[in-house]
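Subject: Structure for you to look through

Dear colleague,

I am handing over the structure we spoke about, and I would be glad if you kept it open while you read. My notes on what was found in it follow directly below.

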Amino acid sequence: RFYLYSFIFLLGLIWTNSKGPAIGWFTGVAFLLFISGKLSRFPLFLVSVVLLSFAAIELNLFPDRFAVIGRLLTGTMLESDFGSIGIRQLMFLDSLELFYENSLVGLGLGNWATNARVAVYYGGDFVYPHNILAEMLSEHGLIGCLVFVTLFIYVFRVSSELGKALFVLMLTSLQFTGDMAYWH
């Protein structure tokens, strides 16, 4: 049942067209294999993911947005990939600048959008930096980030193996997307 539910969950992730949660799923499953003492199954897991990915690509089942992962790994980025990869790099750098300007307490929850310079330069409607670390640092500063990191560590420590793997999935996914204002 676990494998069936995992496969259905993976299909749901692919259906969203979002690469971050798919990378998070891979990281979460790999972490679960590691902490549960089943690291010997990792090569089988890796080969399965690679073969299923190739099959999905050949059958044209993967959304086009996922192709950027392959181009990123092979160093063959296209100009069109800027909207997926390049703009996020700029948002991350912008967030670091905002953090340096407001290091102690940050800008405040949800204020990244009103202070980010990347929207001015590229004319986009960027509401959050698509990276939880960048968002925490820029919006909450060192004090808020310390509170969140402490809470994260506590929750991770008291969780079961599956809970820890889900936590790794969540934190990995939030490195590519996510906004603290909609965590509920």
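Buried residues make up 36% of the 184 residues in the protein chain, and please keep in mind throughout that this is a predicted model. The chain has 9 helices and 0 strands, so that, if you read along the sequence, you will meet the pattern α-α-α-α-α-α-α-α-α. Along its principal axes, the C-alpha trace spans about 45 × 45 × 25 Å. Among the contacts with a separation of 6 or more, 64% come from residues that are 24 or more positions apart.

Turning to the surface, the protein chain exposes about 11,500 Å², and carbon and sulfur atoms supply 69% of that area. One feature to find there is a nonpolar patch of about 450 Å², made by F2, Y3, L162 and L166. The elements that give two or more residues to this patch are α1 (2-15) and α9 (161-173). L166 has its place in helix α9, and with a relative accessibility of 48% L166 counts as partly exposed.

The charged side chains number 10 positive and 12 negative, and the centres of the two sets lie 15 Å apart. The count of salt bridges comes to 3, which leads to a question worth trying on the model before you read on: which residues do the salt bridges that share partners join into one network?

D94 and R117 meet through their side chains in a salt bridge, at 3.3 Å from N to O. Because D94 lies in helix α5 (residues 86-101) and R117 in the loop between α6 (112-115) and α7 (118-122), this pair ties together parts that are 23 residues apart in sequence. D94 is buried, with a relative accessible area of 6%, whereas R117 counts as partly exposed at 25%.

E97 also forms a salt bridge with R117, and here the closest N and O atoms are 3.6 Å apart. E97 lies in helix α5, so this pair ties together parts that are 20 residues apart in sequence; E97 itself is partly exposed, with a relative accessible area of 41%.

E101 forms a salt bridge with R117 as well, with the closest N and O atoms 2.6 Å apart. Since E101 lies in helix α5 and R117 in the loop between α6 and α7, the pair ties together parts that are 16 residues apart in sequence. The answer to the question is therefore that salt bridges with shared partners join D94, E97, E101 and R117 into one network.

With best wishes

Key: Residues numbered from 1 in each chain as written. Predicted model: local features only at pLDDT ≥ 70, side-chain atom pairs only at ≥ 80, totals over all residues. Heavy atoms only, no water. Helix = DSSP H or I, 4+ residues; strand = E, 2+ residues; numbered from the N terminus. Buried < 20%, exposed > 50% of the residue type's maximum accessible area, 1.4 Å probe, protein only. Contact = heavy atoms within 4.5 Å. Areas by Shrake-Rupley, 256 points an atom, 1.4 Å probe, with all protein chains shown as cover. Lys, Arg positive; Asp, Glu negative; His and termini not counted. Charge placed at Lys NZ, Arg CZ, Asp CG, Glu CD. Patch = residues over 30% accessible without salt bridge, like charges linked within 9 Å, V, L, I, M, F, W, Y side chains within 5 Å. Salt bridge = Lys/Arg side-chain N within 4 Å of Asp/Glu carboxyl O.
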